[in-house]
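This report describes the architecture of a single protein chain. It proceeds from one strand and its partners to the core and a selected loop residue.

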Amino acid sequence: MPEGQDRHPEDPRPGPAWVSVCPAIALVDGGEGVRFDLVPQSGERSPIAAFVVRHKGRAFAYVNQCAHVPVELDWQPGHFFDEEGEHLICATHGATYRPHDGVCIAGPCRGRRLQSLDCEEHGGQIWVRSRNDERRRGE
Ligand code: FES
């Protein structure tokens, strides 16, 4: 995630900011996703590799880590969908995930899920916020 992350203009809550990831038009339905690093606000942890994709008109963001083995999903940067553009697929062993909720529906980790991030489209941008940071605040 680049420096100068912006707070989501309609988020009145304190704590970790929403960050602008990319222009909304950069995401094509069932097409390439956008990779980014989500930097924890506290600076205590390493950046989190993540990605955002569009499916059936909506944007969804996940930590870029397979539920089977902790490796990144994309076989080439940004290639998260299967050939039909219907499911997210892990390049390593082929785990297949539903784009809207990150649940694995086929492959070695069937029934498990990707770690989702809060994701909204606002003002022509895609905004993401880490749910990990929310948990940390409540600790
Ligand atoms: S590492 Fe993703 S399916 Fe095995």
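## Strand β9 and its partners

In this predicted model, strand β9, which spans residues 125-129, has 4 of its 5 residues buried, so the strand is largely enclosed by the rest of the structure. Two strands that pair with β9 are described here. Strand β1 (residues 19-23) is joined to β9 by 4 bridges, and the two run antiparallel. Within this pairing, C22 stands opposite I126 of β9.

Strand β8, covering residues 116-122, is also antiparallel to β9 and is linked to it by 5 bridges. Here H122 faces Q125 in β9 as its opposite residue. The connection between β8 and β9 is a hairpin with 2 residues between the strands. In that turn, G123 has a positive phi of about 60°. Strand β8 also pairs with β4 (residues 58-63), through 2 bridges and in antiparallel orientation. In that pairing, Y62 of β4 lies opposite S116 of β8.

## Overall composition

The secondary structure of the protein chain consists of 1 helix and 9 strands. Along the sequence, these elements follow the pattern β-β-β-β-β-β-β-β-β-α. The protein chain has 139 residues, of which 29% are buried.

Among the contacts in the chain with a separation of 6 or more, 50% are between residues 24 or more positions apart.

## The open sheet β5-β6-β7

An open sheet is formed by 3 strands in the order β5-β6-β7, with antiparallel pairing. Its edge strands are β5 (88-89) and β7 (104-106), each of which pairs on one side only. Strand β6, residues 96-97, is connected to β7 by 2 bridges, and these two strands run antiparallel. Across this pairing, Y97 is positioned opposite C104 in β7.

## The largest nonpolar core

The largest nonpolar core contains 32 residues. The members that touch the most other members are V21, A50, F51, V52, A61, Y62 and V128. Two or more residues are contributed to this core by each of β1, β2 (34-38), β3 (48-55), β4, β5 and β9. Strand β4 supplies the largest share, amounting to 5 residues.

Which residues are in contact with A50, leaving aside its neighbours within four places in sequence? They are F36, L38, A61, Y62, V63, N64 and L117. Of these contacts, A61 and Y62 also appear among the core residues that touch the most other members. Y62 is, in addition, the residue that stands opposite S116 in β8.

## R112 in the loop between β7 and β8

R112 is located in the loop between β7 and β8. Is R112 buried, partly exposed or exposed? With 15 other C-beta atoms within 10 Å, R112 is partly exposed, because a buried residue requires 20 or more such atoms and an exposed one has 12 or fewer.

Not counting residues up to four places away in sequence, R112 touches A67 and C104. C104 is the residue of β7 that stands opposite Y97. R112 and C66 are 46 residues apart along the chain, and their C-alpha atoms are separated by 9.6 Å.

Notes:
Residues numbered from 1 in each chain as written. Predicted model: local features only at pLDDT ≥ 70, side-chain atom pairs only at ≥ 80, totals over all residues. Pairing = 2+ DSSP bridges. Contact = placed C-beta atoms within 7 Å. Core = buried A, V, L, I, M, F, W, Y, C linked by C-beta atoms within 7 Å.
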